[in-house]
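Colleague: Could you take a close look at one part of this model with me? I'd like to follow a single side chain and then the strand beside it, in one connected account.

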Amino acid sequence: MSGPLRAVIADDQTLVRTGFRMILSADGIEVVAEAADGAEAVAAVRGTRPDVVLMDIRMPRMDGIEATRQIMSGGANETRVVILTTYDLDRYVYAALTAGASGFLLKDISPEHLVAAVRLVRSGDALLAPTITRRLIERFAPRDEAKADLHRDLSELTPRELEVLRLLATGLSNAELADRLTLSATTVKTHVARILSKLGLRDRVQAVVLAYETGLISPGGPSGTG
């Protein structure tokens, strides 16, 4: 990817936007717009086509969930949305992930981790906090029979790919997957890419949600095939 990373910051608190802008700008990330509510965020994304949007959930006029839904359904396929929240188990975070967000961050994140997270998402990966992703999805993911029927093509996955998907759904990183399966990181990335391609998914967040909604992995079930 060439050129500087471009970001939009959407938060109804001016102080939060200013702080994030300073952190990102200091690391060479260009903040092309700020938004104080969801409607402004949607307009900013359509006008600037950023690489990443840092999106607060609770904002006036239009919340971050609806803004994310509109952004991701509006053809901004190269734009990644990262949800900002003050709660690590917030039902609205799950709703935002299903709306198309590529992950979430707690607002008390360190400057170094914020920059690293934005760059990670821009690279095409999904931002999942392994320590809370499993609890979040287990708590709020419904079993969706319609999606289960829609994705009967899970049968197109090889046994190894199904194993990778099950473990991925527990919130394991690529490095942890590689360690668990005794594979190289490159091989794991290849498996994940093939899973996303075969199932028509944008990123691993969608893969995690799908694994629960189709019943491939059950809330409260084992953390993997071991």
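Modeller: Happy to! Let's start with K107, which sits in the loop between β5 (103-106) and α5 (111-122). Bear in mind throughout that this is a predicted model. Setting aside neighbours within four places in sequence, K107 is in contact with D11, Q13, F20, D56, L84, T85 and T86. T86 is a good example of a contact from another part of the chain: K107 and T86 are 21 residues apart in sequence, while their C-alpha atoms are 5.5 Å apart in space.

Two of those contacts deserve a look at the level of atoms. The side chain of K107 makes a polar contact of 2.9 Å with the side chain of D11. A polar contact of 3.3 Å also joins the side chains of K107 and D56.

D56 takes us into strand β3, residues 52-56. Five of the five residues of β3 are buried, so the strand is largely enclosed by the rest of the structure. In a regular strand the side chains alternate between the two faces of the sheet. In β3, V52, L54 and D56 point one way, V53 and M55 point the other way, and all of them are buried. D56, the polar partner of K107, is therefore buried along with the other residues of its strand.

Now for the strands that pair with β3. Strand β1 (residues 6-10) pairs with β3 in the parallel sense, over four bridges. Within that pairing, I9 stands opposite L54. Strand β4 (residues 80-85) also runs parallel to β3, and five bridges join the two. Here the bridge partner of D56 is L84.

That last pair brings us back to the loop, as D56 and L84 are both among the residues that K107 contacts. If you have the model open, you could centre the view on K107 and pick out D11 and D56, the side chains that it meets at 2.9 Å and 3.3 Å. From D56 you can step across to L84 in β4, or go along β3 to L54 and across to I9.

Notes:
Residues are numbered from 1 along each chain as its sequence is written. This is a predicted model: local features need pLDDT of at least 70, side-chain atom pairs count only at pLDDT 80 or more; totals for chains, interfaces and linings use all residues. Side-chain values use heavy atoms; hydrogens and water are left out. Contact means heavy atoms within 4.5 Å. A polar contact is a pair of N or O atoms within 3.5 Å; within protein, one must be able to donate a hydrogen and the other to accept it, and residues adjacent in sequence count only if both atoms are side-chain atoms. Buried means under 20% relative accessible area, exposed over 50%, partly exposed in between (1.4 Å probe, protein chains only). Two strands pair if DSSP finds at least two bridges between them.
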